[in-house]
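Good morning, and thank you for coming. I would ask you to keep the model in view while I speak, and to turn it to each place as I name it.

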Amino acid sequence: MWIAQCDLWNYLVKYRTGKCELHFFIKQRRAVHFAWLSGAGIYHGGLYFGALHSSTEGDVNFVENKGLLDYSKLAEGAEAVKPNSLAVSEFHFLLLLGNKVKVVNRISEQIIEELQFDQTLESMSRGILGLCSDASAGLFYAYDQYSIFQVSVNDEGRDMWKVYLDLKDYAAALANCRDPLQRDQVYLAQAEAAFSAKDFLRAASFYAKINHIISFEEVTLKFISVNEPDALRTFLLRKLDNLAKDDKCQITMISTWATELYLDKINRLLLEDDTALENRSSEYHSIIMEFRAFLSDCKDVLDEATTMKLLESYGRVDELVYFASLKQQYEIVVHHYIQQGEAKKALEVLQKPDVPLDLQYKFAPDLIMLDAYETVESWMTTKNLNPRKLIPAMMRYSSEPHARNETHEVIKYLEFCVHRLQNEDPGVHNLLLSLYAKQEDDSALLRFLQCKFGKGRPNGPEFFYDPKYTLRLCLKEKRMRACVHIYSMMSMHEEAVALALQVDPELAKAEADKVEDDEDLRKKLWLMVAKHVVEQEKGTKRENIRKAIAFLKETDGLLKIEDILPFFPDFALIDDFKEAICSSLEDYNKQIEQLKEEMNDATHGADNIRNDISALAQRYAVIDPDEDCGVCQKKILTAGWDHRMARGYTSVGVMAPFYVFPCGHAFHAQCLIAHVTRCTHRAQAEYILDLQKQLTLTGGESSKESNGALTEEDSITSMTPTDKIRSQLDDAIASECPFCGDLMIREISLPFILPEEEHEAASWEIKPHTFGTQKSLSLVL
């Protein structure tokens, strides 16, 4: 056998006196432990094949937890007697002593029970012969010469947890517990043992696992009585781990108590002496990290207001800020960083996606004063930020003095809003203009005024700032060039030129030249400039006149010498203006000649028009006798027509009224009206029918001659109402040939069969007829 090795073999050799038996307990077809009945006692142990254990001599040993059960423990004070036979169960030995079977616990080596058998007198004299077992069925048998007795085992491990507990083998005891109460007793024994040994932290861990046999209050009082807050904190933390999520009230209370114990521990570490400073610092940082981890884990169960009051009362500002950030109370966090002067950290908090924008606006004044560069950079990267709500902060920053070469961060942000974000808020534009106006260099102000940010947008203004406010501001800051531009933009050109003359005459000339649609105003503005030029010249008289004449050339002929003469003094000599006056007279002569030519052209044109009118009065067309109407296909010169339709038309005998077009098409008047009414749109058709009705009802005489034209003596004012209606009707139906004009082109889109002709089209549909009897005839060719 593989078991007969090492010390087991030596034991067998040493105690081989008397009867020996070797038994195994088999579980799941594998030997778990063994028992050897020998002369000195029962040698037993466990068999472990999971790993090879080598002895000091290099031999391999599979036996664990070896032990020897001395027979003296079975005698109970009497002389030790060796059992006759042995059987092994999972936790017990069955020993045959005479006619009795003693059940001995394998772990505690205590007698548990004695079994006696009902034997005959003859069998009793000879006694029980031996014991055997059925490993597969878990049954044991005792037999004598005539009988076999069965020994059944029922739940032999139910009290094994107590056995292990008495032996202080707590791990084995827990492994054999059947219900929570048994486990609580094991934990209680462990906790009390550790508590007695003053291992309070370990005791706290075991107390936290007990749920039934000892109350929460008893345990906490135990630790309070021995002044062990660290152990109490450990107990509370372990208790939190074991509580169900439904115990919300209890979880909150315990978490709050643990928070206070953490704070007390931190304060005690801070109040300790400086001895072992390095170790204390390490412990302090460790407890701080542990406390923060606890706050992070319990942030959802801790009461927010209570926890913050605790942190504040203990003066733990850093932990208060940390907890506030966990609870998303960003206002507290940002306020703390601002007090500490850490603007960058405050801005990092405000950059988080779940931080409301209202906090940006609330802390903007403090942040921009603390670190303008970082604040503006943060604003430029924040989406959906309303610059209008930042105006108070920007105005506060702008009111402070700045170095000449320092970058103005507010101007940078406003330029970003206007140019990049295309902001249209008037407040933003006005603030930017006010900051430009306060700068020494007005180039940026002028560039901004010349840029029309709203131009090109539908239904939008050319600029978004308030021009009146800007004008007042520029006047206050004495930015005259900007004022000139604003006056011009507001169409106040006279004021613009007047102010420009105070700054730069060239600027005044440019402003005067901007007016293009009002010649009188433009001339007036140039006269203002001319007067200023004449009055400001301080050279000799001839030099002044020479400059005035040069100025006239700049006006491109708008001003003449006679326009600027009143600006010169009365004692000026005419000889000085000789050349200018001669030049002006020559220009007048040229204009007079040009006017004469234009008058001659107009007279000639009037004669031509008069001749054309006379020619039109004699206009006629030749009609062939066989000419057909384009609509009814009847002869144009057909007698017999509706006299009611002739009202307002010139009488041509018995013939019906008709129209002849230059293209050669001819139509009866009634046919043309019907055709145009049918083919044109609804509104035009109703208009034509209304004119026709008026013409019929009027019944007046026409003032036209037989050819339908007015005589030379007649005029438009002498037309009768019938003639006027007739003229309107002619314009409506005969302005163009219906077969050659737009009316025919529009008919392309009309269907071949009109809606009113659908009934007639349906009558032409060929429908198959079904006959009662049909015959099929074959045709032979």
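Let us begin at phenylalanine 195, which counts as buried because its relative accessibility is 17%; buried means under 20% relative accessible area, exposed over 50%, and partly exposed in between, with a 1.4 Å probe and protein chains only. The model is a predicted one, in which local features need pLDDT of at least 70 and side-chain atom pairs pLDDT 80 or more, while totals for chains, interfaces and linings use all residues. Residues are numbered from 1 along each chain as its sequence is written, and side-chain values use heavy atoms, without hydrogens or water.

My first topic is the aromatic rings. How many aromatic pairs does a search of the whole structure find? The search gives 16. One pair consists of phenylalanine 195 and phenylalanine 200: their ring centres are 5.1 Å apart and their planes stand at 80°, so this pair is edge-to-face. Rings of Phe, Tyr and Trp (its six-membered ring) pair if their centres lie within 6.5 Å; planes under 30 degrees apart are stacked, over 60 edge-to-face, and the rest tilted. Phenylalanine 200 is likewise assigned to the buried class, because its relative accessibility is 13%.

Now please turn to phenylalanine 223 and phenylalanine 235. With ring centres 6.3 Å apart and planes at 40°, these two form a tilted pair. Phenylalanine 223 belongs to helix H8 (residues 216-225) and phenylalanine 235 to helix H9 (residues 229-242), so their pairing ties together parts that are 12 residues apart in sequence. Helices (H or I, at least four residues) and strands (E, at least two) are DSSP runs, numbered from the N terminus. Are these two rings buried or exposed? Phenylalanine 223 is buried, at a relative accessible area of 0%, and phenylalanine 235 is buried at 1%.

These four phenylalanines belong to one aromatic cluster, formed by Phe195, Phe200, Tyr207, Phe216, Phe223, Phe235 and Trp257.

Let me add two residues from this stretch of the chain. Alanine 191 sits in helix H6 (residues 180-196), and this alanine is buried, with a relative accessible area of 0%. Between the C-alpha atoms of alanine 191 and leucine 201 there are 9.7 Å in space, and the two residues are 10 residues apart in sequence. The second residue is arginine 202, which is part of helix H7 (residues 200-208). Arginine 202 is partly exposed, at 42% relative accessibility. Along the chain, arginine 202 is 32 residues from threonine 234, yet their C-alpha atoms are separated by 8.9 Å.

My second topic is charge. Side chains of opposite charge can pair when their charged atoms come close. A search of the whole structure gives 20 salt bridges, each being a side-chain nitrogen of Lys or Arg within 4 Å of a carboxyl oxygen of Asp or Glu. I shall show three of them, and then a network.

In the first example, glutamate 90 and lysine 27 join their side chains in a salt bridge of 3.6 Å, N to O. Which parts of the chain does this pair link? Glutamate 90 is in the loop between strand E7 (85-88) and strand E8 (92-97), and lysine 27 in the loop between strand E1 (21-26) and strand E2 (31-37); these are distant parts of the chain, 63 residues apart. Glutamate 90 is partly exposed, with a relative accessible area of 25%, and lysine 27 is also partly exposed, at 41%.

In the second example, lysine 635 bridges to aspartate 628, and their closest N and O atoms are 3.4 Å apart. Lysine 635 counts as partly exposed at 37% relative accessibility, as does aspartate 628 at 30%.

In the third example, arginine 682 is bridged to glutamate 686, with 3.4 Å between the closest N and O atoms. Why are these two separated by about one helical turn? The reason is that they stand four residues apart in helix H31 (residues 682-698). Arginine 682 is exposed, with a relative accessible area of 67%, whereas glutamate 686 is partly exposed at 46%.

Finally, please find the network of salt bridges that links Asp230, Arg233, Asp264, Lys265, Arg268 and Glu283. Thank you for your attention.
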